[in-house]
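Morning, everyone. Let's take a quick look at a new model. Please have the screen in view.

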Amino acid sequence: MNCGRLTVIMMVILFSVSTYAANVFLDAPNDQPVFAKFRGMEWRDDIGEQDIPLTARAVTTRMAKMPWGAIFKVKFTDLKSRAVKPREIRPDYFIVTDNRIVLLNEEDNDAAAKKISALDKPPDSEPNDIYGITTGSFEHQEGEWKTTIKLKGDLCLYEASHPSGHFKKIVWQKGVGLVEYASGYGARADGYRLKREVRSRKQ
């Protein structure tokens with residue numbers, strides 16, 4: 001094998017391993033946190049019949065970058081409303097490849113993220129952990145939970161619902177990231193809807 005052919009083969013191997021096309025719905029140029037303001041409403045049995053305003057700040061951080069993708073953490077901080085009991089939203093961790101956004105749902109997500117970042121390919125994912133796609137559409141039924149993911153213009157809409165009234169909705173926007181986050185339990189027993197403020201895109 002001559003040197004020229006060997007060089008070409010090595011370049012092809014390197015290109016196939018290291019090339020990762022960033023996900024259009026969730027990406028970051030570096031590991032610096034990205035902040036965005038969210039505003040919406042919340043409800044709960046102890047609040048009363050009327051929804052009350054809720055504000056929060058979302059912090060999106062790229063925790064790791066691999067040849068095949070990246071791992072992101074999305075955390076809501078500074079949640080404010082006039083409810084007596086402060087609302088808490090558990091941080092979400094996502095394994096992101098060029099065509100999927102997958103929820104990392106382990107007991108210790110920080111430790112799991114560290115292990116996954118050392119892998120040479122994305123880990124296998126369960127259908128109910130898929131939270132975003134870049135092409136086509138997705139539907140999954142697990143028990144009475146039904147999940148659909150659709151693309152609409154520059155948006156990716158994730159919606160999961162249960163006949164009891166439980167639901168979760170997440171909306172991603174191309175070049176922006178998370179723009180809507182909502183969750184609820186039972187027949188309006190507890191829940192919230194938060195939407196990203198438009199001016200926060202440049203933050």
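Start with the sheet. This is a predicted model, and in it 12 strands form an open sheet with antiparallel pairing. The order runs β6-β5-β4-β3-β2-β1-β12-β11-β10-β9-β8-β7. Which strands sit at the edges? They are β6, residues 130-133, and β7, and each pairs on one side only. From one strand to the next, the twist averages 20 degrees.

Now one pair from that sheet. β2 and β3 run antiparallel, and 10 bridges join them. β3 covers residues 69-80. Take Arg62: its bridge partner in β3 is Phe72.

Next, a helix. α2, residues 109-116, lies across β2, β3, β4 and β5. Against β5, α2 runs at about 135 degrees.

On to the pockets. What is the volume of the largest pocket? About 650 Å³. Its lining has 29 residues. Leu103, Tyr131, Lys168, Ser183 and Tyr185 lie nearest the centre. Several strands give two or more residues to this lining, among them β4 (92-96), β5 (100-104) and β10 (167-173). The largest share, 4 residues, comes from β11. By class, the lining has 13 nonpolar, 8 polar and 8 charged residues.

The second largest pocket has a volume of about 310 Å³. Here 21 residues form the lining, and Asp27, Val34, Gly175, Val176 and Gly177 lie nearest the centre. The elements giving two or more residues are β1 (34-44), β2 (52-66) and β11. The class split for this second largest pocket is 12 nonpolar, 5 polar and 4 charged.

That's the tour. Thanks.

Conventions:
Residues numbered from 1 in each chain as written. Predicted model: local features only at pLDDT ≥ 70, side-chain atom pairs only at ≥ 80, totals over all residues. Heavy atoms only, no water. 1 Å grid on protein atoms, 1.4 Å probe; cavity = no way out; pocket = protein on both sides within 12 Å on 5 of 7 lines; lining within 4 Å. Points joined across faces, edges and corners; volume = space filled by probe spheres on them. Nonpolar A, V, L, I, M, F, W, Y, C, P; charged D, E, K, R; others polar. Pairing = 2+ DSSP bridges. Axes fitted to C-alpha atoms, helices over the stretch in contact; angles between N-to-C directions. Contact = heavy atoms within 4.5 Å.
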